[in-house]
Amino acid sequence: MKVLVTGGLGFIGSHTVVELQHKGFEVVVIDDCSNAKEDVLDGIEKITGKRPLFEKIDLKEKDKVEDFFDRYEDVEGVIHFAASKAVGESVEKPLLYYENNIGTLVYVLKELCKKNRASFIFSSSCTVYGQADKMPITEDAPVKAAESPYGNTKQMGEEIIRDTCKVVPSLNAIALRYFNPMGAHPSAEIGELPIGVPQNLVPFITQTGIGLRDELSVYGDDYPTPDGTCIRDYIYVVDLARAHVVALERLLNGKNKENYEVFNVGTGKGSSVLEVIQSFEKVSGRKLNYKIVGRRPGDITTAYADTTKANEELGWKSKYTLDEAMKSAWVWEQKIRD
Ligand code: WQD
């Protein structure tokens, strides 16, 4: 029995492949290499000693998706990461996001519906909550109108899966709503490889720390939070990867209560931008060069997860602290800049 990981060369995908292999799964990776290099497979192999099967396929090509599933009849589980994920870019190029994030999801689901039984894990995001009214955020918090086409593709993706599971009992799916993934594998063989100027906070911090960027711009310190900067739930990518394995095993072992379930995946703890900066300075021993500037349009003030459902139902809990995750991000940054 094989597990397909689409987008498996990406940041979260590659860490999930490692954790799947540690648990003894045979993994096949599909990636179109539009946002990741094939040599990520070398890093995975260095960590686990097993090179996953790999197929360079653009999932927008329906016939290629059908052909893949014809050739791999023993794929019973799919973890679907493949998607474009830059919030800002999605505003500029909505149709690229709807085609790539929704079209590919539909093609993969159509193939799974042909099987006697299929288990599907969907990479969703806390972005579906927008600015939630109550903290910490529970899974039954209302889904709010998306602030970007990227966020909308996550909401639509969940609805497509939910509607399909309603009429296809053999399809069992879990949507994992990530909070803010960060860090790199402790081996420093794989990690986050942002292309161009990083949009996300942590890679921008480590690139500033290593001297690649002159200074970090902190987008606003006039928010209604204790230190005025935005609060997020930063989750270590290895914790997040392990949540995917636990969720897949839940479905493969028939432990799911319904054939479509949703779980928040976060630490349950909020950290402000300034606290994240302090964490970097503590683990690196370096002062970070930053300045406070105006707010970034579209940013919400606060988001951190209520992890009760994942802890109690899924039996998963994050294990690493912000400092440990930040340390791994810094070690990775130093390694790739050497
Ligand atoms: C975090 C905080 C910024 C950069 C996004 C997506 C979400 C998910 C994770 C894909 C915010 C501040 C940032 C900088 C800063 N992506 N910041 N200076 O916006 O919470 O979430 O990435 O799934 O869907 O929306 O993450 O890292 O961009 O920002 O001050 O140079 O850091 O204002 O408060 P965000 P982020």
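Here is a short chat about the ligand site and the cavities of this predicted model.

The model counts local features only at pLDDT of at least 70 and side-chain atom pairs at pLDDT 80 or more, while totals for chains, interfaces and linings use all residues. Residues are numbered from 1 along each chain as its sequence is written, and side-chain values use heavy atoms, with hydrogens and water left out.

Visitor: Which oxygen-to-side-chain distance does Asp299 have to the ligand?
Guide: Let's start with the shell, where a residue counts if one of its heavy atoms lies within 4 Å of the ligand. Asp299 is among the residues that come nearest, along with Tyr150, Leu201, Ser217 and Arg232. From an N or O atom in the side chain of Asp299 to an oxygen atom of the ligand, the distance is 2.6 Å.

Visitor: How much of the ligand does the protein bury?
Guide: Areas here come from the Shrake-Rupley method with a 1.4 Å probe. Taken alone, the ligand exposes 690 Å², and the share the protein buries is 90%.

Visitor: Which element gives the most to the lining of the largest cavity?
Guide: A cavity is a set of points, on a 1 Å grid over the protein atoms alone, where a 1.4 Å probe fits but cannot get out, and lining residues have an atom within 4 Å of a point. Helices here are DSSP runs (H or I, at least four residues). Both α7 (201-209) and α11 (322-337) supply at least two lining residues. With five residues, the top contributor is α11.

Note on methods. A polar contact is a pair of N or O atoms within 3.5 Å; within protein, one must be able to donate a hydrogen and the other to accept it, and residues adjacent in sequence count only if both atoms are side-chain atoms.
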